Amino acid sequence: MNKSLSRQQFWSLTLTGTVAFFAFWYLARALHFSPPQFLPMPHEVLFKLIELIDKPFAGATLPEHMAASLKRFGMGFGLAALVGIPLGLSMGWFRLLDDVITPIFDGVRFIAPVAWVPFAALWFGTGIGGPTLIIFAGAFPPCLINAYRGARNVEVRFLEAASMLGVGSFKTITEVLFPAAVPSIIAGLRIGAGLGWLSLVGAELIVASSGMGNLIVRAQSALATDTVMVGMIAIGAIGVVIDILIRRLEKLLLKHRNA
C-alpha cells in the first residue's frame with residue numbers, strides 16, 4: 001500500500017505537472033503542430049481572459065455569462081435536490097411508493113439529458129425554463145438513487161428502535177433515515193452537480209442566448225479560439241468550486257450529525 005503524500009510532496013508534484021503541461025503547450029506551438037489561429041499561446045489566453053472581464057462578447061462580459069449559467073444551474077440542480085432527496089428517502093421507507101415509481105424512473109433515467117433539448121426548446125424557447133429542465137434531467141437521477149440507497153442501507157437496529165418508541169413515518173424519514181444516509185446523499189449531490197453542470201453547458205449551446213455554453217459556440221463561429229479556451233477554463237473552474245462547496249456541506253452535515 002502506498003503511503004499518503006506529505007503536503008510538500010503533493011504541491012511539488014502538482015507544480016511539476018503544471019509546468020510540464022504548459023511547457024508541452026508552448027512546445028506544440030513552437031513546432032507548429034497547429035496554426036496559431038487554432039492554438040494560441042497560454043499567455044494569449046490569459047490576456048483574453050482579462051480582457052473579457054470588462055469587454056462584452058456575445059452580448060455580455062465573462063462574469064455576466066458566468067452569472068447567467070450559475071443562475072440556471074442553481075435552479076435546475078436545486079430543484080433536482082429538493083425533489084430527488086425526499087423522494088428517494090420516501091421510496092426507501094414506503095415499499096408501495098418504491099414499486100409505483102421505480103419502473104417509471106428506470107425507464108426515464110436512461111434518457112440522456114441532451115435528448116431533452118428538443119422538448120426544452122419547443123416548450124420554453126431560449127428562456128430559463130429550457131436549460132433548467134435539462135439540468136434537472138441530468139442531476140435528478142443521482143440525487144434520487146443515492147438517497148434511496150442510503151435509506152435502504154440504514155442499520156435495522158435504528159429502525160427497530162424508532163418503531164419501538166412509536167416514531168411516525170415522517171419523523172423516521174427526517175430523524176433516522178436522513179442523518180444515516182447523509183454520506184450517500186452527498187455522493188449523489190456531487191455526481192448530480194457534475195452531470196447537471198455538464199448538461200447546462202450542452203443546453204446553452206442550443207437553447208440559451210447567454211451563458212458559458214453560448215459564449216463558446218459564438219466564439220467558435222467567430223473562429224476566436226482564445227475565447228473558446230477562456231470559456232472552457234471558466235467552466236472547469238466553476239465546476240471545481242461547486243464540488244468544493246458540496247464537500248464543505250458534507251463536512252458540516254457530518255459534524256452536526258456526530259455532535
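Where is the place of Ala 58 in the chain? Keep that one in mind while you get your bearings; the tour comes back to it.

**The whole chain**

What you have open is a predicted model. Show the protein chain as a cartoon and you'll find ten helices and zero strands. Walk along from the N terminus and the elements simply read α-α-α-α-α-α-α-α-α-α. Along its principal axes, the C-alpha trace spans about 75 × 55 × 30 Å.

Now switch on a surface. The protein chain exposes about 15100 Å², with 69% of that supplied by carbon and sulfur atoms. Of its 259 residues, 37% count as buried. Contacts reach a long way along the sequence, too: among those between residues at least 6 apart, 72% join residues at least 24 apart. Colour by charge and you'll pick out 20 positive and 14 negative side chains, the centres of the two sets lying 5 Å apart.

**Stop one: helix 1 and helix 2**

Select residues 7-30 for helix 1 and 42-54 for helix 2. Their axes come within 9 Å and cross at roughly 105°. Helix 1 and helix 2 are therefore roughly perpendicular to each other, since angles of 65 to 115 degrees fall in that class.

Show side chains where the two meet. From helix 1, bring up Phe 22, Trp 25, Tyr 26 and Arg 29. Facing them from helix 2 are Pro 42, His 43, Glu 44 and Val 45.

**Stop two: Ala 58**

Back to the opening puzzle: Ala 58 sits in the loop between helix 2 and helix 3. Check its backbone, and you'll see a positive phi of about 60°, although Ala 58 is not a glycine. That's worth a pause, because most residues other than glycine have a negative phi. Is Ala 58 buried or exposed? It counts as buried, because its relative accessible area of 17% is under the 20% cut-off.

**Stop three: His 65**

Next, select His 65, found in helix 3 (residues 62-93). His 65 is buried, with a relative accessible area of 0%. What surrounds it? Leaving aside neighbours within four places in sequence, His 65 is in contact with Phe 57, Ala 58, Ala 60, Ser 210, Gly 211, Met 212, Asn 214 and Leu 215. So Ala 58 from the previous stop turns up again among the contacts of His 65.

**Stop four: helix 3 against helix 9**

Add residues 212-221, which make up helix 9. Helix 3 and helix 9 pack at an angle of about 130°, their axes 7 Å apart. That makes helix 3 oblique to helix 9. On the helix 3 side, look for Leu 62, His 65, Met 66 and Ser 69; they meet Met 212, Asn 214 and Leu 215 in helix 9. Buried residues in helix 9 are Met 212, Gly 213, Asn 214, Leu 215, Ile 216 and Ala 219.

**Stop five: Leu 223 and on to helix 10**

Step just past helix 9 to Leu 223, in the loop between helix 9 and helix 10. Here's another positive phi, about 55°, on a residue that is not a glycine. Leu 223 is partly exposed, with a relative accessible area of 48%.

Finish in helix 10 (residues 225-258) by selecting Met 232. At 53% relative accessibility, Met 232 counts as exposed. Draw a distance from its C-alpha atom to that of Leu 198: the two residues are 34 apart along the chain, and the separation is 12 Å.

Note on methods:
Residues numbered from 1 in each chain as written. Predicted model: local features only at pLDDT ≥ 70, side-chain atom pairs only at ≥ 80, totals over all residues. Heavy atoms only, no water. Helix = DSSP H or I, 4+ residues; strand = E, 2+ residues; numbered from the N terminus. Buried < 20%, exposed > 50% of the residue type's maximum accessible area, 1.4 Å probe, protein only. Contact = heavy atoms within 4.5 Å. Areas by Shrake-Rupley, 256 points an atom, 1.4 Å probe, with all protein chains shown as cover. Lys, Arg positive; Asp, Glu negative; His and termini not counted. Charge placed at Lys NZ, Arg CZ, Asp CG, Glu CD. Axes fitted to C-alpha atoms, helices over the stretch in contact; angles between N-to-C directions. Parallel < 35°, antiparallel > 145°, perpendicular 65-115°, else oblique.
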